[in-house]
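Visitor: Got a minute to go over this one with me? I'd like to talk through some charged pairs and a bit of helix packing.

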Amino acid sequence: MALTAADLRPGRAVVTGGAGFIGSHLCRRLLELGCTVVAVDDFCTGAAANVADLAGHPRFELLEADVSATLEVAGGVDYVLHLASPASPPDYLALAVETLDVGTRGTRNALDLALSRGARFLLASTSEVYGDPHLHPQPESYWGNVNPVGPRSVYDEAKRGAEAYTMAYRRHRGADTRIVRIFNTYGPGMRPNDGRAIPNFATQALTGQPLTVYGDGSQTRSLCFVSDLVEGIVRLLASDEPMPVNLGNPEEVTMLELAQRVRAATGSASEIVFRPLPEDDPRQRRPDTTRARTILGWEAVVPLAEGLAPTLEWFRRLAEGGSR
């Protein structure tokens, strides 16, 4: 029988990076499922505004802290979900050492909290552990093609190290762990200056700027709407699966096609311009979601055309000076 989010036993959940894009959506879903939520964030890329609507919720608490330094939460804890990390290239390139720290020290602090309370731990890893893949689509068994001394390595290797920490704590200290490998995710709540494709294209199209496509635009991504991703994370948290699970939408799109679709959907007259491809930028990215379908009964259900509408409306409000 397939898992559903309703299979998650309500409990007290600590969500690091809880004021980030994905983290804030996850906090809301956990509250809907009856959990008590402690969101932890240092606001280096997250923002209190992302969870402002939860400020008066009786089962929600926002704690400002750098999890790379310490993670102290009073009281019982049933779940620790470690999402804290810069995740877009401009952020992790600007915060290179901090990104490595949160993937190593931050992961260990989160694991120690979970272990000390007998809590289940979930690591938010990433498709970036596959690097610029030679195997397509990417199954969890693929070890990846990562340049360990390239500029992107601060994020790629931080997440690979976080996975190694998680498995070491499981094997040698008895921690109850889960690992999700998140592929490109989008939706309302993203920052206009996030630096990833959809925020870039949406902001440029809505403000009359040229849409910047890197390389020749033939590189691909598979884009998952945030509600689909959150559903998969919750199912994995409720499951008994200890090994990594890919979550993403296998609907693959080239970056040039995505720029064209955003331009058309916004009614923009902006031109498309091409810039050099950044070093080590993956040429193809698409998840093999066989394990997610088999183990969790999960698959992405929101097609790109459907998910783009509320996402572009979000960026339209921001461009018009609306609040988050």
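Guide: Sure. Start with aspartate 194, which is buried, at a relative accessible area of 4%. Keep in mind that this is a predicted model.

Visitor: Which side chain does aspartate 194 meet in a salt bridge?

Guide: Arginine 196. The N to O distance is 2.6 Å.

Visitor: And arginine 196, how accessible is that?

Guide: Partly exposed, at 26% relative accessibility. Aspartate 194 is under the 20% cut-off, so it counts as buried.

Visitor: Which residues are linked with those two in a network of salt bridges?

Guide: Asp91 and Arg191 join Asp194 and Arg196 in the network.

Visitor: How many salt bridges does the count come to?

Guide: The count is 19. Side chains of opposite charge can pair when their charged atoms come close.

Visitor: Give me one that links distant parts of the chain.

Guide: Take aspartate 53 and arginine 28, whose side chains meet in a salt bridge at 2.9 Å, N to O. Aspartate 53 sits in the loop between β2 (36–41) and β3 (60–64), while arginine 28 is in helix α1. They are 25 residues apart.

Visitor: Aspartate 53 first: buried or exposed?

Guide: Exposed, with a relative accessible area of 52%. Arginine 28 is partly exposed, at 24%.

Visitor: OK, stay on α1. What does glutamate 32 pair with?

Guide: Arginine 29, through a salt bridge with the closest N and O atoms 3.1 Å apart. Both residues lie in helix α1. They are three residues apart, about one turn of the helix.

Visitor: How accessible is each end?

Guide: Glutamate 32 is exposed, at 59% relative accessible area. Arginine 29 is partly exposed, at 25%.

Visitor: Switching to packing. At what angle do α1 and α6 pack?

Guide: About 60°, with the axes 10 Å apart. That makes α1 oblique to α6. Here α1 covers residues 21–32 and α6 covers 226–238.

Visitor: Is the crossing left-handed or right-handed?

Guide: Right-handed.

Visitor: Which residues make the contact?

Guide: From α1, Phe21, Ile22, His25, Leu26, Arg29 and Leu30. From α6, Val226, Leu229, Val230, Glu231, Ile233 and Val234. So Arg29 of α1 is part of this contact, and arginine 29 also forms the salt bridge with glutamate 32.

Visitor: What's the breakdown by class?

Guide: Nine nonpolar, one polar and two charged residues.

Key. Residues are numbered from 1 along each chain as its sequence is written. This is a predicted model: local features need pLDDT of at least 70, side-chain atom pairs count only at pLDDT 80 or more; totals for chains, interfaces and linings use all residues. Side-chain values use heavy atoms; hydrogens and water are left out. Axes are lines fitted to C-alpha atoms, for helices over the stretch in contact, and angles run from 0 to 180 degrees between N-to-C directions. Helices (H or I, at least four residues) and strands (E, at least two) are DSSP runs, numbered from the N terminus. Angles under 35 degrees count as roughly parallel, over 145 as roughly antiparallel, 65 to 115 as roughly perpendicular and the rest as oblique. A crossing is left-handed if the near helix is turned anticlockwise from the far one by less than a right angle, and right-handed if clockwise. Contact means heavy atoms within 4.5 Å. Ala, Val, Leu, Ile, Met, Phe, Trp, Tyr, Cys and Pro count as nonpolar, Asp, Glu, Lys and Arg as charged, and the others, Gly among them, as polar. A salt bridge is a side-chain nitrogen of Lys or Arg within 4 Å of a carboxyl oxygen of Asp or Glu. Buried means under 20% relative accessible area, exposed over 50%, partly exposed in between (1.4 Å probe, protein chains only).
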